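Trainee: I would like to learn how the packing of helices is read from a set of coordinates. Could we work through one case together?

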Amino acid sequence: MRSKELVNSGSFWPKDNLQDGLYILLNALLIKFGATSIYYFRLVSAVIGIATVFLTYVFTKEWFSEQAAYIASILMAFSSWHVTLSRNIDPVILIPFLFIA
């Protein structure tokens with residue numbers, strides 16, 4: 001596991017590339033605090049997915065209306081694409097989160 005190797009080396013950033021740096025950092029911090037079960041790593045993706053739905057609501061409410069915000073957040077929450085990304089241990093879940101944030 002790449003995150004575990006980074007914790008053992010003392011560096012949280014991979015030396016070969018930085019494309020997954022933030023996601024690896026979050027997982028490496030979990031390992032540092034003793035969370036080594038696969039469910040904790042899935043939890044990171046799930047929390048980021050929930051935060052993305054919340055940010056979709058806030059962003060849409062600010063720019064449009066509250067009704068549009070409800071519709072946008074419901075569509076995002078039940079989108080098969082978003083649910084699949086939130087269930088996998090994959091740094092791709094950060095793309096919509098950082099795009100909206």
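The dialogue below goes from the overall fold to helix pairs and then to single residues.

Mentor: Please keep in mind that this is a predicted model.

Trainee: How many helices and strands does the secondary structure of the protein have?

Mentor: The protein has six helices and zero strands. Read from the N terminus, the order of elements is α-α-α-α-α-α.

Trainee: What share of the contacts in the protein with a separation of 6 or more comes from residues 24 or more positions apart?

Mentor: Residues at 24 or more positions from each other supply 50% of those contacts. As for burial, 31% of the 101 residues in the protein are buried.

Trainee: How is a pair of packed helices described?

Mentor: Two values serve for this: the angle between the two axes and the distance between them. Take helix α2 (residues 21-32) and helix α3 (residues 38-63), whose axes come within 10 Å and cross at roughly 135°. The two helices are therefore oblique to each other, and their crossing is right-handed.

Trainee: Which residues of α2 and α3 meet?

Mentor: From α2 there are Tyr23, Leu26, Asn27, Leu30 and Ile31, and from α3 there are Tyr40, Phe41, Val44, Ser45 and Ile48. By class, this contact holds eight nonpolar, two polar and no charged residues. Within it, Val44 touches Tyr23, Leu26, Asn27 and Leu30, leaving aside residues up to four places away in sequence.

Trainee: At what angle do the axes of α3 and α4 cross?

Mentor: They cross at roughly 155° and come within 8 Å. That angle is over 145°, so α3 is roughly antiparallel to α4. The crossing is again described as right-handed. On the α3 side, the contact is made by Thr52, Val53, Thr56, Tyr57, Thr60 and Lys61. On the α4 side, the residues are Glu66, Ala68, Ala69, Tyr70, Ala72, Ser73, Met76 and Ala77. Eight nonpolar, four polar and two charged residues take part in this contact of α3 with α4.

Trainee: What are the angle and the axis distance for α3 and helix α5 (residues 80-87)?

Mentor: This pair packs at about 145°, with axes 7 Å apart. Arg42, Ser45, Ala46, Gly49, Thr52 and Val53 of α3 meet His82, Leu85, Ser86 and Arg87 of α5. The classes are three nonpolar, five polar and two charged residues.

Trainee: What is the general idea behind a nonpolar core?

Mentor: In soluble globular proteins, nonpolar side chains tend to be buried together. Here the largest nonpolar core has six residues, namely Tyr23, Val44, Ile48, Leu85, Ile93 and Leu94.

Trainee: Is Ser45 buried or exposed?

Mentor: Ser45, a residue of helix α3, has 0% relative accessibility and therefore counts as buried. Leaving out residues up to four places away in sequence, Ser45 touches Tyr23, Leu85, Ser86, Asn88, Ile89, Asp90 and Ile93. Among these, Tyr23, Leu85 and Ile93 are listed in the largest nonpolar core.

Trainee: Where is Leu75 placed, and is Leu75 buried or exposed?

Mentor: Leu75 lies in helix α4 (residues 66-77). Its relative accessibility is 57%, so Leu75 counts as exposed. From C-alpha to C-alpha, Leu75 and Thr56 are 9.9 Å apart in space, with their positions 19 residues apart in sequence as the separation.

Methods. Residues are numbered from 1 along each chain as its sequence is written. This is a predicted model: local features need pLDDT of at least 70, side-chain atom pairs count only at pLDDT 80 or more; totals for chains, interfaces and linings use all residues. Side-chain values use heavy atoms; hydrogens and water are left out. Axes are lines fitted to C-alpha atoms, for helices over the stretch in contact, and angles run from 0 to 180 degrees between N-to-C directions. Helices (H or I, at least four residues) and strands (E, at least two) are DSSP runs, numbered from the N terminus. Angles under 35 degrees count as roughly parallel, over 145 as roughly antiparallel, 65 to 115 as roughly perpendicular and the rest as oblique. A crossing is left-handed if the near helix is turned anticlockwise from the far one by less than a right angle, and right-handed if clockwise. Contact means heavy atoms within 4.5 Å. Ala, Val, Leu, Ile, Met, Phe, Trp, Tyr, Cys and Pro count as nonpolar, Asp, Glu, Lys and Arg as charged, and the others, Gly among them, as polar. A nonpolar core is a set of buried Ala, Val, Leu, Ile, Met, Phe, Trp, Tyr and Cys residues joined through side-chain atoms within 4.5 Å. Buried means under 20% relative accessible area, exposed over 50%, partly exposed in between (1.4 Å probe, protein chains only).
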